[in-house]
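Visitor: I have a model open and would like to learn how to read its confidence, its domains and its chain contact. Where do we begin?

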Amino acid sequence: MTAATETSSSVRIVRDSGRHEQRRRAARRPLVGSAVLLLGAVYCLVPVLWVLVASTKSNSELFTTLTFLPGTGLLQNISDLFSYGGGLFGLWAWNSLIFAGFGAVLSTLISTMAGYALAKFQFPGRQVWFYAILAGVLLPGITLAIPQYLLMSKIGLAGSYWSVLLPCLISPFGIFLARVYASSAIPSETMEAARIDGAGDVRIFTSVALPMMVPGMVTIFLLQFVGIWNNFLLPFIMLSDESKYPLTVGLYTLLSKGSGTPSLYSLAIIGAAVSIIPLIIMMLVLQRYWRLDLVSGGLKG
Amino acid sequence: MTVDVRTQTPRLRRSKPARRWAVPYAFLTPAGVLFVVFLAIPILYALYLSFRAMKVTGGGPFGVREETWAGFENYIATFTDSEFLAGFGRLAIYGVIAVPVTLGLALLFALLLDLPRVRAARFSRVAIFIPYAVPGVIASLLWGFLYLPSTSPLNWVLNNLGIPDVEVLTGGALFPAVANIAIWGGVGFNMIIIYTSLRGIPNEMHEAARIDGASEWDIALRIKIPLVAPALVLTGLFSLIGTLQVYGEPMTLRPMTNEISQTWVPLMKIYRDAFARDDLSLAAASSVVLALGTLVVSIVLLRITQKQAFGEGQ
């Protein structure tokens, strides 16, 4: 690796400067560093805190009272939100959960199987598959949404749950990550040993490979879950029935209607607050399962 | 890992080598089918559509619309459409702000998190990662309200100081305002990717430098940044791809400002052509241009940085 040589030369350069002064600076620096980090944290939290505070305000309070002062309309807002359009918001939340949940579970399994095949087997066409998947990673999936819609409407699926769910199942990036993880986590000797012991290929996959790939699978699942949950253009194009919308599209329609009727503003705000809370909680709870070194580790090959 | 041998019958074992070649294909089948149906076929279909056109023959109320070959007509229309080109221009301004700032902040925060004895690291790491969980559309909604003069906390402060409202969503401030939403949403994820690859650097490397009296600044600049360069390339690549597909953010901000037109970025124009104007061929040609553009930009970036970012081989 070139890095090793680079390191030794840089060490030689810094050796000449005064050791004592360097020590002192090194000990002092983290305070500035902490301050900068806290600034970053404030920047990232302010909009979230604002929406939580604003969601407690009634419509009139929203435009009149101090922005970071809680209002008195929280319960009214919540009941307005869940009664809007005969319970549309609840449906949107449910739809988001279905799309993201099923989509992420299935695409994780599909990606894992494909990644395992690409990493642990030599077969004709392997290179072609790899480059096809790489092209898929680099291609903005969103530019395919319109042809996907046209094909879906040809087979009569446009507007259905399937039209959003099915295109989410193929994740070139998920396959790529699964391949990276499988090639580092599953020793070929273990597979060979299982084979000599007489295990079939399905059995080697389910009892040898899968357990070893779990940490990678969790990461792929979380990436896919957040990706599908946050997706806007695909459901926006595919769906026309308000009751099938996920949260993103539902809240967007709420806001664009709100430009005419400001009373919908407070609905959009409470809707935004309610819909980000579960995902933030999920991230906080599951954060130790995120193996994002997988994403950067893919570069070392 | 132990495997129960008793369940395998000798007969099964003998028949296995014969169909061994089929095993990887079987594992690839679900992904392969979906890849063909939802990626390959739509790409080919978009290409096909982009060379077709609807021509009205006959004229008057009884004119018949029929599909014909159009050659490169749609591509010529795409490249001579001033709105589409202007959309790319706006995208470029937006990207020039969003991509470097996102990566710069992500790298800065990651390096700070990696400092020894730094305070509040855990809290900051989680806080900065939180916006990743907020969908772009909802992030735009939040920031939109923070920008809106009637609800903006900034204006509240300014008004109390006797300074008039600052209009964020008009004039020159619009681009930084839209880019800020992407930066806010992207810094945390990129920070974590860079941070995890910083953690992967063997400790002895900085220890040796530290014993030799290197400052943390020197260590960051000369050891850490060169070693995480591949992660920077990857995050840069994803930020760039993300920039080219920006859609939800300006769409959500549209009700709040008059400055965002229906065709503000290329994808918005593609959407309008396809659904509001029913000109699928033109939309398909524009999609192909956008997709190819993204691919070219990605490959150029990978070439320039000379990193085998997705290193195949092994």
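Visitor: Which element of chain B has the lowest mean pLDDT, and which the highest?

Guide: This is a predicted model, and pLDDT is the predictor's confidence in each residue. Helix H1 (residues 10-15) of chain B has the lowest mean among that chain's elements, 46, while helix H4 (residues 82-113) of chain B has the highest, 93.

Visitor: Over which residues of chain B does pLDDT stay under 50?

Guide: That stretch is residues 1-16 of chain B. The model gives it 16 contacts beyond four places in sequence. Chain B as a whole averages a pLDDT of 82, and 88% of its residues score at least 70.

Visitor: What domains does the assignment give for chain B?

Guide: Domain bounds come from an automatic or database assignment. For chain B it gives domain 1 (1-50) and domain 2 (81-305). How many residues does each put into their contact? Domain 1 of chain B supplies four and domain 2 of chain B six. On the domain 1 side, three are nonpolar, one is polar and none is charged. The centres of the two domains, taken over C-alpha atoms, are 38 Å apart.

Visitor: How many residues does each chain bring to the contact between chains A and B?

Guide: The size of an interface is often given as accessible area lost, but here we have residue counts. Chain B contributes 105 residues and chain A 103. Helix H2 (residues 22-50) of chain B provides the largest share of chain B's side, 15 residues. By class, that side has 75 nonpolar, 21 polar and nine charged residues.

Visitor: What ipTM and pTM does the predictor give the complex?

Guide: The ipTM is 0.82 and the pTM is 0.83.

Key:
Residues numbered from 1 in each chain as written. Chains lettered and ligands numbered in written order. Predicted model: local features only at pLDDT ≥ 70, side-chain atom pairs only at ≥ 80, totals over all residues. Contact = placed C-beta atoms within 7 Å. Helix = DSSP H or I, 4+ residues; strand = E, 2+ residues; numbered from the N terminus. Nonpolar A, V, L, I, M, F, W, Y, C, P; charged D, E, K, R; others polar. pLDDT = per-residue confidence, 0-100.
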